[in-house]
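Me: I'd like to go through this model with you, one question at a time. Ready when you are.

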Amino acid sequence: MKGERHITGWVIRFMRKSPIHLVLLTICVIWLVPTLGLFVSSLRPRALILNTGWWKAFNAPLLFTIQNYLHVIQRANMGRSFFNSLMIAIPATVMPILVAAFAAYAFSWMRFPGRDVLFLMIIGLLVVPLQMTLIPILRLFNSLHLTGTFVGIWVAHTAYGLPFAIYLLRNFIGGIPEDLFESAFLDGANHVQIFYRLVLPIAVPAIASLSIFQFMWVWNDLLVALIYLGGTPEVAPMTVTISNLVNSYGGGWEFLTSAAFISMLLPLLVFFSLQRYFIRGILAGSIKG
Amino acid sequence: MVLRSTILAVVAVFGVPAGLTLYIFMVEKGVTRLRFTLQKRIRPWLWLTPCLAILSVFLLYPVLNTLVLSFLNNDSTRFIGLQNYVRIFTDREMLIVLRNNAMWLVFFTLVTVTVGLLIAVLTDRVKYEQAAKALIFLPMAISFVAAGVIWKFMYEFRPKGTPQIGTVNAVLTTLSPSFEPQAWLFNPSINNWALIVVGIWIWTGFAMVILSASIKGVPKEIMEAARIDGAGEFQVFFRVTLPIIKPTIVVVTTTLIINVLKIFDIVYVMTNGILRTEVIANRMYKEMFNFMNFGMASTLAVLLLVAIIPVMLLNIKRFGQRGEVQ
């Protein structure tokens, strides 16, 4: 009896909320279908992708293949591009962290004239469109022979990531209780010791959010790579390779679907395993130039 | 080549932090030899040196340089005053670019905020809240390039009578048999809207997450009190919830504006700006690499900056206020 009443109550509540469920579930389906369609298609043979809708894939006979993946990895330079994306994103994530942490520490725990004005200027730089920097930096890189090299794009991404990194770390490091610093100073620690033994360990969660955000930003970037790497296959990351595929193959959906999905693998993995850090980072960093 | 770049990357990953650590050790060693008052004055600047050096070379100097370039001709050899600016606001093609950016600005922002808010309100009332939110936030994790491919496939067009393989045309022809399948990306009267939909699909999750957090912060007692006074759910939302979360809506809106003004990847991948879909950032890219017109490209960048300045000032004001509290 009790269980029955429980179920009836649940049904009544569900019915009363049915418009909410209807709207919400519709929205969820609309949001899911595009990605799902791409994924299903990437596993279908070429002839089927081009002639029937992806939703027909579940009708008998079931014909799935990983041929498309093998093809783009071997022939369409996606294997190399995956490697390049890693080569670009990992150093570009590591390089700005300490630079920003030094600055954040100075902004939070040292007094000097012009401190607040300088910090506000960096906040201002946060939203400067990076388009404003493309031409002068490209010319600079050209004269230094850094165009088309990983070193050039690492430095560029480091610079573009800095204002946000300083802002995020300064908020965190500035929030560390003052007592901790006072007792450390009384014990005779200097700034460097305090920074490495006290501040950095405490700031690990903020550094984690920052790293994930910067990594995803660089991984997903197209514009910066297009400009400074110039599309040579030896250095092109996946975003550049895929956009080249779009232009050259046009309707070659068997390549595009699998290539796009390969490029999504790592972001999806990061998203599902580190969702909390990722969302925190992306919310704080959404205003980055 | 692979081996060389791997070694280089390993050197960068370990060498840069090691070098910076060495630098700061030397700084501290050197500084402690000075008089105490001098120490206090010099030390902050030495800690800031790496950051200020990078920011000046790669952000500050380029911004100023681009400003200057915008007053010069194609190959930056001659001063031409405001000619580039005049061209942006008179040239027919450029006016289409501006119109497109305005369309993106208004409709993308409006719809993204509204739908994000709607989803935030609805998910607050169901048990599968976390799953629904994760699903809608997901497009934020993938690249705009991948999103562009996903939606190019959604919009795929086949002539009437043949089986549609693009989801959008298939759904519409199934719902209404008289519907003419559309080439969504090639028909100039709808292609901009088709692109804006992609932007909305990507960014709604972002608006939703922030607004949802803000809605959860609205005190339950106030809402209960309104309900006891006989307010319906809609009234509670418009009279109680909405005014309380208004500051958050402003933050979300400005953030979306900053990002939509610079939109590039979606257009680059899906149409490459043909058939009247070009936006400022794409036009700038073309002026740079196809036309080698660096004056015009710089002017377009400046235009983006000018459009963003009000938002920048708002940001500085907001952070400035919060910065004082610390």
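Reply: Sure. Two residues are in contact if their C-beta atoms, placed from the backbone, lie within 7 Å. Keep in mind that this is a predicted model.

Me: Among contacts in chain A between residues at least 6 apart in sequence, what share joins residues at least 24 apart?

Reply: Start with the contacts in chain A whose partners are at least 6 apart in sequence. Then keep those that join residues at least 24 apart, and you're left with 76%.

Me: How many helices and how many strands are behind that in chain A?

Reply: Chain A has 289 residues, and 49% of them count as buried. Its secondary structure comes to 15 helices and zero strands.

Me: What radius of gyration does chain A have, set against a compact globule of 289 residues?

Reply: The C-alpha atoms of chain A fill a box of roughly 75 × 70 × 30 Å along the principal axes. A compact globule of 289 residues would come out near 19 Å, but chain A has 25 Å.

Me: Which helix gives the most to the largest nonpolar core?

Reply: That core has 178 residues, and A:Ala100, A:Ala103 and A:Leu169 have the most contacts inside it. Leaving aside neighbours within four places in sequence, A:Leu169 touches A:Ala100, A:Ala101 and A:Ala104, among others. The top contributor, with 18 residues, is helix H5 (residues 78-109) of chain A.

Me: And chain B: how far apart do the C-alpha centres of domain 1 and domain 2 lie?

Reply: The domain assignment gives domain 1 as 17-69 and domain 2 as 83-325. From centre to centre, these two domains of chain B lie 39 Å apart.

Technical notes. Residues are numbered from 1 along each chain as its sequence is written. Chains are lettered from A and ligands numbered from 1 in the order in which they are written. This is a predicted model: local features need pLDDT of at least 70, side-chain atom pairs count only at pLDDT 80 or more; totals for chains, interfaces and linings use all residues. Domain bounds come from an automatic or database domain assignment. A nonpolar core is a set of buried Ala, Val, Leu, Ile, Met, Phe, Trp, Tyr and Cys residues joined through C-beta atoms within 7 Å. A residue is buried if 20 or more other C-beta atoms lie within 10 Å of its own, exposed if 12 or fewer, and partly exposed in between; C-beta atoms are placed from the backbone. Helices (H or I, at least four residues) and strands (E, at least two) are DSSP runs, numbered from the N terminus. The radius of gyration is taken over C-alpha atoms; the globule rule is 2.2 Å times the number of residues to the power 0.38.
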